[in-house]
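User: Please examine the model shown below and answer a series of questions about how it is put together.

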Amino acid sequence: MAQTSSGTHETAGIGPMVTEPFTIRRVRKETADTFSLEMQKLPGEREFLFRPGQFNMLYVYGVGEVPISISGDPSRAEILTHTTREVGAVTRAMRRLKVGDTLGVRGPYGTPWPVQEAEGSDVVVVAGGIGLAPLRPAIYYLLANRRHYGKVVLLYGARTPEEILFRRQLEQWRSRFDMETHITVDRATGPWQGNVGVVTTLISRAPVDPPNTLAMVCGPEIMMRFTILELERRGLNDRNIYLSMERNMKCGIGLCGHCQLGPRFVCKDGPVYRCDQIREVFSRREL
Amino acid sequence: MENLERILGEHPFLKGLSQDQIAVLAGCASNVVFKAGEFVFREGEPANAFFFIRQGKVQVETHIPQKGTVIIRSRRDDEVFGWSWLVPPYRWHFDARAVELTRALALDGECLRTKCEADHALGYEIMKRFLMVIAERLEATRLQLMDVYGHGSN
């Protein structure tokens, strides 16, 4: 899959700044402060296709617009799912939406996870916190096309057991014989009997062949920096490590400059980057 | 003994050691089993060993008054844990407890220190490996302290 924007908006003949109305079909509470919105198009509208890793600009009418990663299944074009944390005015308003309410959607934007480049390789997915949301479509894709991949391993870290995202789904994945799922928390609380420690400590448990492994990583930037170091220590090349960067996207089409990261616009050139293409600016404080 | 040598020789932590060096380590090794809930070691006790977990799970924890037990880290199959045997005054800094039935190889710390003093080449190899373990723990602890799963502002 080429690392370019999908152009779905343009190919549909819709201007890049025009929102399309979607209806809320379900609001699902994931953790105390995160939730998922399942939306569908109004009858008669075009099919909404996206690739794993892409994001949309979601507009709460009269409140504002924010970029949110798509967290649903790319093979189910009839349902568009986003997962986010309730942290500001727009996402707070989004959390209050009810089934049947309407939301404006622009997108999909950005570069996808390299799920096709990964064919024939082992794949290790490393997610931290809400970083699992933009990786979930890639996991759906990998599992839907399972025979094209070697080993598939998911390593997921959360702050506490209560903050584990998509808990039921993780249990389903853990029960599969064709993928390995390891979960850890930074701080154990309550009756938690699972792993304790940061997500990087799980990397040594991934039974992959490092020279023939592609890694997809998403989480807080500091977590991704440590994850890169650990993956390299295990023998992965940085050309086989992909990251999803988060910046303050506004226009979504590389015009406004809000999400500029060095010479790149995260909304257009990212959010998914190959590690060797981004690492020189990755930890620079000025950016 | 031959079986212990084979197990140690196949462990990634000891990769690169000569067969003679593995044989020396095996002379300090023994099989141990811990039931679920049993302490592997307790804070303040003499640190006389380190462990290769063969099967099972151990958690490193401490007790904080008014707060109870705080789990710091868990360890699973094939992982190495325990490095207080290398650092004077050779006492455990935390508790370690088996979460489930755990089988491990224990390497006697005093035995190994004596052998490393007598054979500095072996000692250097062991030190290099434990330096990696300690660096990994330090890095993980720093990341844990950063509490990285913070909030944005949208």
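**Contact, core and local geometry**

User: How many residues do chain A and chain B each give to the contact?

Analyst: This is a predicted model, and the answer is computed from its coordinates. Residues are in contact here if their C-beta atoms lie within 7 Å. On that basis the contact takes 24 residues from chain A and 19 residues from chain B.

User: Which element gives the largest share of the side of chain A that touches chain B?

Analyst: Elements that give two or more residues to this side of chain A are α2 (89-95), β10 (195-196) and α5 (221-233). By class, the side has eleven nonpolar, nine polar and four charged residues. The largest share, three residues, comes from α5(A).

User: Where does the largest nonpolar core lie with respect to the domains of chain A?

Analyst: The core has 111 residues, and those touching the most other members are A:Val125, A:Leu155, A:Ala215, A:Tyr242 and A:Leu243. Helix α3 (residues 132-144) of chain A gives the largest share, seven residues. Both domain 1 (8-109) and domain 2 (122-244) of chain A give residues to this core, so the core lies between them.

User: Which residues does A:Ala215 touch, not counting residues up to four places away in sequence?

Analyst: A:Ala215 is one of the core residues that touch the most other members. With its sequence neighbours set aside, the residues touched by A:Ala215 are A:Val124, A:Val126, A:Leu231, A:Leu236, A:Asn240, A:Ile241 and A:Tyr242.

User: What distance separates the centres of domain 1 and domain 2 of chain A?

Analyst: The domain assignment gives domain 1 (8-109) and domain 2 (122-244). In this chain, 15 residues of domain 1 are in contact with 14 residues of domain 2. The side of domain 1 that touches domain 2 divides into four nonpolar, eight polar and three charged residues. Taken over C-alpha atoms, the centres of the two domains of chain A are separated by 25 Å.

User: What radius of gyration does chain A have, set against that of a compact globule?

Analyst: Chain A has seven helices and 15 strands, and its C-alpha trace spans about 45 × 45 × 40 Å along the principal axes. Buried residues make up 47% of its 287 residues. A compact globule with 287 residues would have a radius of gyration near 19 Å, and chain A agrees with this at 18 Å.

User: What share of the contacts in chain B between residues at least 6 apart in sequence join residues at least 24 apart?

Analyst: Chain B has four helices and eight strands, which follow the pattern α-α-β-β-β-β-β-β-β-β-α-α along the sequence. Its C-alpha atoms fill a box of roughly 60 × 35 × 30 Å, and buried residues make up 31% of its 154 residues. Of the contacts in question, the share that joins residues at least 24 apart is 72%.

User: Do the buried residues of helix α2 of chain B line one face or many, and within what arc do they fall?

Analyst: Helix α2 (residues 19-26) of chain B has the buried residues B:Ile22, B:Leu25 and B:Ala26. These buried residues line one face of the helix because, seen down the axis of α2(B), they fall within an arc of 100°.

User: How far apart in space are A:Ile228 and A:Pro108?

Analyst: A:Ile228 lies in helix α5 of chain A and counts as buried with 22 C-beta neighbours inside 10 Å. A:Pro108 is found in strand β6 (residues 102-109) of chain A and is buried, with 25 other C-beta atoms within 10 Å. The two residues are 120 residues apart in sequence, and their C-alpha to C-alpha distance is 27 Å.

User: What is omega for the cis peptide bond from B:Pro88 to B:Pro89?

Analyst: A cis peptide bond also joins A:Gly107 and A:Pro108, with omega about 0°. In chain B, B:Pro89 lies in the loop between β6 (80-81) and β7 (95-98). For the bond from B:Pro88 to B:Pro89, omega is near 10°.

User: Is B:Tyr90 buried or partly exposed?

Analyst: B:Tyr90 lies in the loop between β6 and β7 of chain B, and its phi is near 55°, a positive value in a residue other than glycine. A residue needs 20 or more other C-beta atoms within 10 Å to be buried. B:Tyr90 has 15 C-beta neighbours inside 10 Å and therefore counts as partly exposed.

How values were computed:
Residues numbered from 1 in each chain as written. Chains lettered and ligands numbered in written order. Predicted model: local features only at pLDDT ≥ 70, side-chain atom pairs only at ≥ 80, totals over all residues. Contact = placed C-beta atoms within 7 Å. Nonpolar A, V, L, I, M, F, W, Y, C, P; charged D, E, K, R; others polar. Core = buried A, V, L, I, M, F, W, Y, C linked by C-beta atoms within 7 Å. Buried ≥ 20, exposed ≤ 12 C-beta atoms within 10 Å, placed from the backbone. Domains from an automatic or database assignment. Rg over C-alpha atoms; globule rule 2.2 N^0.38 Å. Arc of directions from axis to C-beta.
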